[in-house]
Amino acid sequence: MHMFYCFLPSSLTGFLQQAAPTSAQTFAYRRPQKLRYTVDTDMLTPEQRLFYEENGFILIKNLVSEEDIDMFRKEFERICRQEVKVPGLVVMRDVAIVNSEFVADQKAVSKLQDFQEDPELFRYCTLPQILKYVECFTGPNIMAMHTMLINKPPDAGKKTSRHPMHQDLHYFPFRPTDRIVCSWTAMEKVNRQNGCLVVLPGTHTGTLKEHDYPEWEGGVNKMYHGVRDYDPQQPRVHLEMEKGDTVFFHPLLIHGSGMNQTQGFRKAISCHYAGAECYYIDVNGTTQENIEKEVKEIAARKYALSDEITFQDTWAVRGRLVQGERISL
């Protein structure tokens with residue numbers, strides 16, 4: 001049994017008390033609640049389901065083994081040393097000059113995206129213990145849509161290792177929103193010093209907000225869009241995690257991460273999943289037009305394609321079935 005764990009500001013601890021009945025009798029007399037954000041499987045307890053419904057995230061302790069994480073780390077090092085070439089892989093480097101931990105005279109790799117063609121890293125997306133939880137949010141037919149290994153570098157003094165507060169749905173041209181979930185696994189101890197995730201509990205019940213590049217003095221990394229308008233006074237939770245801990249969160253949950261104030265790199269591996277019944281939408285005329293334009297331009301340059309490539313095309317080629325039947329994605 002994996003332990004369910006969370007950090008909450010004092011304003012939210014009352015919810016946990018409400019969600020934890022002291023006896024079967026107490027629970028039996030509670031009026032049934034319509035659960036919107038979770039699917040009825042045997043994996044989550046009623047308390048866990050209620051917690052996710054209210055807050056938009058759930059943290060499971062010690063879900064991925066140390067052995068698996070060490071194998072993912074070794075594969076990341078092989079990619080950084082260019083010992084392996086992965087089709088479609090996007091290698092991102094920090095805009096500030098931070099030296100690589102593996103290769104002399106190279107800028108540090110801050111993120112790998114789209115590692116679906118790397119068998120070792122993609123194994124993360126197919127781990128049975130991950131998919132058992134993912135199914136609680138997507139249903140039984142599961143597509144792995146977006147893969148990342150984040151290697152947050154030590155901040156070079158320009159605060160570029162920060163990730164602005166954002167909603168992941170901004171990047172996704174598929175719906176319904178509630179059948180999408182992210183799994184994010186710490187590959188080492190993650191805390192406030194090295195830039196842990198910061199979430200605004202309950203913001204998943206809102207709508208998709210307008211995003212753009214924040215006006216930060218030290219610059220901002222490519223594709224790091226942020227929410228233009230949110231209440232900075234809203235209670236926030238810093239998700240401090242141990243190696244192997246995994247957080248699952250909703251694509252409308254507003255989240256980000258602080259800068260890495262340590263001398264080491266902070267690693268995490270993640271995958272966004274969607275129910276295979278999800279469908280593509282046209283983002284023309286919506287707040288997602290700016291990210292559509294940027295993604296199409298990058299894809300056209302990377303693959304020498306014409307402007308005819310669509311936003312949906314860039315996602316369809318990356319999606320991989322990991323459980324059940326491929327339906328519409």
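The paragraphs below go through the cores, the aromatic residues, one glutamine and the cysteines of this predicted model.

The largest nonpolar core is a good place to begin. It has 39 residues, and Tyr124, Ile130, Phe248 and Tyr273 are those that touch the most other members. Two or more residues of this core come from each of strand S2 (57-60), helix H4 (66-80), strand S4 (109-113), helix H5 (119-122), helix H6 (128-138), strand S5 (142-152) and strand S15 (266-275). H6 gives the largest share, six residues. A second core of 19 residues is separate from this one, and Leu59, Ile150, Trp184 and Val237 are among its members.

Tyrosine 124 shows what such a position looks like in detail. Leaving aside residues up to four places away in sequence, tyrosine 124 touches Val64, Phe72, Ile130, Ser183, Trp184, Thr185, Thr246, Ile269, Ser270, Cys271 and Tyr273. Ile130 and Tyr273, named above with tyrosine 124 for their contacts in the core, are thus found again among the residues that tyrosine 124 touches.

The aromatic rings can be followed next. The model has nine aromatic pairs. One aromatic cluster is formed by Tyr52, Tyr133, Phe137 and Phe248; Phe248 was met above as a member of the largest nonpolar core. Elsewhere, a charged side chain lies over a ring: arginine 318 is placed over the face of tryptophan 315, 4.0 Å from the ring centre.

Glutamine 167 is a polar residue to look at in its surroundings. Its place is in the loop between strand S6 (163-166) and strand S7 (174-175). Is glutamine 167 buried or exposed? Glutamine 167 counts as buried because its relative accessibility is 0%. Polar atoms of its side chain lie 3.1 Å from the backbone oxygen of threonine 207 and 2.8 Å from the backbone nitrogen of lysine 209. Beyond four places in sequence, glutamine 167 touches Thr207, Leu208, Lys209, His211, Val227, Pro251, Leu252, Leu253 and Ile254.

The cysteines come last. A disulfide is a covalent bond between the sulfur atoms of two cysteines. How many disulfides does the structure hold? The structure holds zero disulfides. Cysteine 182 shows why: the closest cysteine sulfur to its own is that of cysteine 271, and at 7.7 Å this is too far for a bond. For such a pair to count, the sulfur atoms would have to be within 2.5 Å. Cysteine 182 is buried, with a relative accessible area of 1%, and cysteine 278 is buried at 0%.

Terms used:
Residues numbered from 1 in each chain as written. Predicted model: local features only at pLDDT ≥ 70, side-chain atom pairs only at ≥ 80, totals over all residues. Heavy atoms only, no water. Buried < 20%, exposed > 50% of the residue type's maximum accessible area, 1.4 Å probe, protein only. Helix = DSSP H or I, 4+ residues; strand = E, 2+ residues; numbered from the N terminus. Polar contact = N/O pair within 3.5 Å; in protein donor to acceptor, adjacent residues only side chain to side chain. Contact = heavy atoms within 4.5 Å. Phe/Tyr/Trp six-rings, centres within 6.5 Å; stacked < 30°, edge-to-face > 60°. Lys NZ or Arg CZ within 6 Å of the ring centre and 35° of its normal. Core = buried A, V, L, I, M, F, W, Y, C linked by side-chain atoms within 4.5 Å.
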